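Trainee: Please show me the structure, and let us talk about its cavities.

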Amino acid sequence: MIKYERQVLPNGLTVLAHHDESSPLVAFNIVYNVGSKNEDPDKTGFAHLFEHLMFGGSVNIPSYDEPIQMAGGENNAFTNNDITNYYITLPKENIETAFWLESDRMLSLAFSKKSLEVQRNVVIEEFNQRYLNQPYGDVWLLLRPLGYKHHPYQWATIGKSIDHIKEATLTDVKDFFFAHYGPNNAILSVAGNINPAEVFELATKWFGPIEQRKLSNKTITPEPEQTEERRLTVYRKVPYPSLYMAFVMPGRHSPDYHTTDLISDILSNGKSSRLYRKLVQEEQRFSELNVFITGDIEPGLLVVTGRPAEGVTMEDAEELLWKELEGMKENPPVEYELEKVKNRFESTVMFSEVGILSKAMNLGFYELLGDANLINKEMENYRKITIDDICRVSKSLFIRTRCSTLHYLPEPATTNHHA
């Protein structure tokens, strides 16, 4: 049970404090309710660009990293489709440094042409290195638009096209900042050996004066139900063929989210899982197999991915996988199988709740979902899933007309006539 106290400042900033005496450090986490799903389809990659811009200096503090290092702290950030998250861990006696730095970033960034150019180049370089010049790097740039036709999950966090970042103006960037990065669109959570009263006092001192923002009220288009199979085949400079099958699954607010998560574990978590045991170990039809969920707040994807063994065609590989997926509907897991994945999940949760940073992050994320106390109910949500639930959800999930399939193949060898 993770205990916490909660206050909302007059400007809309939600503040959560968790007292934990086991660590000399304090974790300071701020989550903004903005991710790539909040972008304009013609201006994508902005949430991720901001993750970089936020380190380029704020209105009163030219360097962000220097004060953190001097205070003996560490910091980082990440962006995904749903959120942007910034975090700092530092010794308790220097905690005010985090409040000072983060409140200045929320107030306003330095917004200079130079900072934009520097970070723009960093993002372009990242796009080239991670997505274009790496084997299988562009899988998500292909799979997302295959699985989504209307919802903004159809582009990766890096953006739909790097041209959107290349063409971003200072005005575009400022507009995006003031429409999303305000106290009334953020949750601050602090965990560690610090009194909640002190957390609320410091939050009021540093964040209280920041005015509420007029937030972007753009509505997000829900994805209509998929009614026909979608397929794509691409050829790239890669050593092996790979198969990807994606199914749109329930979002975080659905009770079936947890069931789908367990289905992915039953199929492929560990060497005793269904797919691995049968298709990799026993029949040796695949050299690699994996099933995972994207974990998005709105309906995300369950992805089945595999590398067929030599001599197995993509068509045969697909049918082998379908046979197993159909099997989830007809031959559901036995109690022992279900119990095993629940236990594994429980140990993961318990492990993730040991560190103060995980606690601060999770509190912020569950508060964003609607209630920080969900952190204390998660385990129960998984514990109560039955074999009937697994069957029912498998039946609604694994339908051929709701599958988006990507064949990712090595380029055919070209004949070389040169000596």
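Trainee: What makes a space in this predicted model count as one of its two cavities of 30 Å³ or more?

Mentor: On a 1 Å grid over the protein atoms alone, a cavity is a set of points where a 1.4 Å probe fits but cannot get out. The volume is the space filled by probe spheres set on the points, which are joined across faces, edges and corners. The largest cavity has about 60 Å³, and the second largest about 50 Å³.

Mentor: In this predicted model, local features need pLDDT of at least 70 and side-chain atom pairs 80 or more, while totals for chains, interfaces and linings use all residues. Residues are numbered from 1 along each chain as its sequence is written, and side-chain values use heavy atoms, without hydrogens and water.

Trainee: Why are Leu-53 and Phe-111 called lining residues of the largest cavity?

Mentor: Lining residues have an atom within 4 Å of a point. Leu-53 and Phe-111 are among those that line the largest cavity, as are Ser-112 and Val-173. Helices H4 (113–132) and H7 (170–180) each give two or more residues to this lining; a helix is a DSSP run of H or I, at least four residues.

Trainee: How many residues of that lining are nonpolar, polar or charged?

Mentor: Seven are nonpolar, four polar and none charged. Ala, Val, Leu, Ile, Met, Phe, Trp, Tyr, Cys and Pro count as nonpolar, Asp, Glu, Lys and Arg as charged, and the others, including Gly, as polar.

Trainee: Which helix gives the most to the lining of the second largest cavity?

Mentor: H12, with three residues. The lining includes Asp-265, Glu-337 and Lys-340, and its classes are two nonpolar, three polar and three charged.

Methods: On a 1 Å grid over the protein atoms alone, a cavity is a set of points where a 1.4 Å probe fits but cannot get out, and a pocket is an open set with protein on both sides within 12 Å along at least five of seven lines; lining residues have an atom within 4 Å of a point.
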